[in-house]
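Here are some friendly notes to read beside the model. Take the points in order and look up each residue as you go.

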Amino acid sequence: MSSTLLEVTRASHEEVERLERTIVKDFENEPATSKDRLIQSHRVRNMIDQITLTTDKLIDIYEDKDNARKDEIAALGGQSLTSSNVNVFTVFYDRLKEIRDYHRRHPAARYVDTTDEYEALLKEEPEIEFSGEESYGRYLDLHELYNVYINSKFGQQIEYTAFLDVFSEPEKIAKKLKLTRQYYEYLQKLLDYLVGFLERTEPLQDLERIFSKLVSEFEEKWASGLIEGWEGENQKNDDVIDLDYYSSAEELMVVGPDKLKKSLAALGLKTGGTLRERAERYFLTKNTPLEALDKKHFAKGARVVEQSVGVMHQNLGEDAKEIALTEAKIKKLCDLLRETIMRTKENVEKKHALTYDEIVQEREEDEVQQESESDDEDQQIYNPLKLPMGWDGKPIPYWLYKLHGLGQEFKCEICGNHSYWGRRAYERHFKEWRHQHGMRCLGIPNTKNFNEITSIEEAKQLWEKIQQKQGVNKWRPDLEEEYEDREGNIYNKKTYTDLQRQGLI
């Protein structure tokens with residue numbers, strides 16, 4: 001009803017308080033599904049934006065640049081900043097007249113309780129746009145950027161799954177391929193997509209604060225030349241000659257022909273001729289813009305640069321810095337979306353093994369599953385007998401527990417007193433890595449002879465007995481190796497050697 005600034009201020013404060021209470025009330029309701037959780041985050045984000053707008057309006061009122069608020073407060077006491085002859089009763093009756101005129105014009109006006117409006121905010125479902133590939137924020141959809149990557153000079157002909165591994169590592173691309181418009185446009189599209197995806201999936205994430213901190217850290221590293229892939233980029237190029245230190249072409253000849261040739265080539269000028277001709281040609285660029293030079297000074301096919309030498313290299317450094325900063329932002333976003341990237345790669349690899357009908361069926365099942373999820377998963381599972389969990393995350397039936405003897409505990413000293421529950425798990429563990437590692441530490445081969453042996457002492461005793469038994473049955477060459485004389489008689493090695501020494505053979 002009232003249009004006074006004080007009433008607007010009071011209403012704004014009330015709106016902020018109501019929105020804050022609504023946010024707290026919304027967070028008290030635990031969402032049942034991931035879709036509900038995402039909708040809740042967007043709903044809270046909208047309320048936070050509304051609080052921000054109302055707060056900005058309050059700040060403008062309190063700053064009172066036009067002194068309207070001060071004048072209104074003074075008017076309440078019968079005073080005025082513009083006039084000193086103000087009667088308090090006159091002000092009172094003027095306000096009373098405004099109120100009566102308002103009710104005369106709006107006879108059906110009534111008090112409206114805004115509580116219902118804020119309650120309706122809790123039931124609001126913001127529309128969130130996702131592509132079919134993104135599956136409501138579960139996966140990334142980088143197919144468009146993938147096509148740009150494989151059809152560009154800086155990219156490679158790789159599979160989509162490999163692209164999901166390399167798109168977050170721009171430092172692996174050669175620096176000479178980065179200083180192109182095509183690469184910069186690719187980075188901008190990638191950054192815009194990742195920012196948009198993060199805003200849709202995690203609307204409560206404060207990207208401005210994250211990027212502001214990132215920019216401050218980037219500036220320090222860039223000044224020190226420590227940005228990966230851009231080391232020393234901010235340092236001055238030694239091949240470029242600064243003409244401010246030279247007043248004539250004769251002085252410029254001191255730098256030598258090779259350096260002059262490199263500087264001329266960088267500007268697209270001819271690099272041939274004597275040392276004096278090169279110096280004079282390069283010295284022309286000190287006070288004359290390149291576009292004003294005669295075309296005869298430029299190399300064949302060279303593009304005329306419309307900038308001076310210093311400005312050209314300054315702009316080149318600024319472009320490199322902007323590209324490096326964009327790369328840093330992309331890497332930061334990829335760190336925040338690391339789990340989503342891994343989930344996307346797994347989903348793509350899984351799809352390669354499915355037919356189209358199976359993909360469609362799986363997508364429909366995922367949608368049904370998202371709708372049918374409930375709070376049962378978050379509730380504490382009733383398991384008084386402490387039964388093992390099955391594949392579905394619930395305790396297995398008690399009859400199955402008794403059938404497999406899972407209540408019986410077997411300890412193995414060789415495995416470090418590890419417990420195995422049930423006869424089946426106990427028998428299987430003799431071939432598993434834990435038991436094999438324990439036997440290897442004892443210096444005993446893990447053969448069938450040591451099955452059912454769980455004590456270290458028993459294993460050592462059995463191994464000693466096996467070694468002794470192998471010593472009795474060991475082949476002895478002096479008694480069992482056979483020799484034959486010229487007449488065909490067979491002797492063992494010891495007998496044959498004795499007869500040979502005696503000269504009888």
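1. A contact here means heavy atoms within 4.5 Å. With that in hand, consider how the chain folds back on itself: of the contacts in the protein chain with a separation of 6 or more, 51% are between residues 24 or more positions apart. Please remember throughout that this is a predicted model.

2. How far does the predictor's confidence reach? The mean pLDDT of the protein chain is 80, and 83% of its residues reach 70 or more. Over residues 303–314, however, the pLDDT is below 50, although this stretch has 19 contacts in the model beyond near neighbours in sequence. Residues 374–378 also stay under 50, and for them the model has 4 contacts beyond four places in sequence. Where pLDDT is low, the predicted coordinates should not be read in detail.

3. Next, the overall make-up. The protein chain has 505 residues, of which 30% are buried. Its secondary structure comes to 22 helices and 4 strands. The chain exposes about 34600 Å², and carbon and sulfur atoms supply 49% of that area.

4. Do look at the surface around helix H4, which covers residues 88–105 and includes Phe92. Val88, Phe89, Phe92 and Tyr93 form a nonpolar patch on the surface there, and together they have about 460 Å² of accessible area.

5. How many disulfides does the structure hold? The count is 0. Cys415 makes a good example to check: its closest cysteine sulfur is in Cys412, 3.5 Å away, which is too far for a bond, because a disulfide needs the two sulfur atoms within 2.5 Å. Cys415 is buried, with a relative accessible area of 8%. Cys334 is buried too, with a relative accessible area of 1%.

6. Now for the charged side chains. Side chains of opposite charge can pair when their charged atoms come close. The structure holds 19 salt bridges, and the next points pick out some of them.

7. Which partner does Glu134 meet in a salt bridge? The partner is Arg200, at 3.1 Å from N to O. This pair links distant parts of the chain, 66 residues apart: Glu134 sits in the loop between helix H5 (115–122) and helix H6 (143–150), while Arg200 belongs to helix H9 (residues 181–201). Glu134 is buried, with a relative accessible area of 3%.

8. Lys345 and Asp165 also meet in a salt bridge, at 2.7 Å from N to O. Lys345 lies in helix H15 (residues 338–351) and Asp165 in helix H7 (residues 160–166), so this pair ties together parts that are 180 residues apart in sequence. Lys345 counts as partly exposed at 21% relative accessibility, and Asp165 is partly exposed at 34%.

9. A salt bridge can also sit within one helix, as Arg18 and Glu14 show: their side chains meet at 3.3 Å, N to O. Why are these two separated by about one helical turn? They are 4 residues apart in helix H1 (residues 5–28), and therefore about one turn lies between them. Arg18 is partly exposed, with a relative accessible area of 22%, and Glu14 is partly exposed as well, at 31%.

10. Finally, follow that pair a little further. Through salt bridges that share partners, Glu7, Arg10, Glu14 and Arg18 are joined into one network.

Note on methods: Residues are numbered from 1 along each chain as its sequence is written. Side-chain values use heavy atoms; hydrogens and water are left out. pLDDT is the predictor's confidence in each residue, from 0 to 100. Buried means under 20% relative accessible area, exposed over 50%, partly exposed in between (1.4 Å probe, protein chains only). Accessible areas come from the Shrake-Rupley method with a 1.4 Å probe; for residues, only the protein chains shown count as cover. Patches are made of residues with over 30% relative accessible area and no salt bridge: like charges are joined within 9 Å, nonpolar side chains (Val, Leu, Ile, Met, Phe, Trp, Tyr) within 5 Å. A salt bridge is a side-chain nitrogen of Lys or Arg within 4 Å of a carboxyl oxygen of Asp or Glu.
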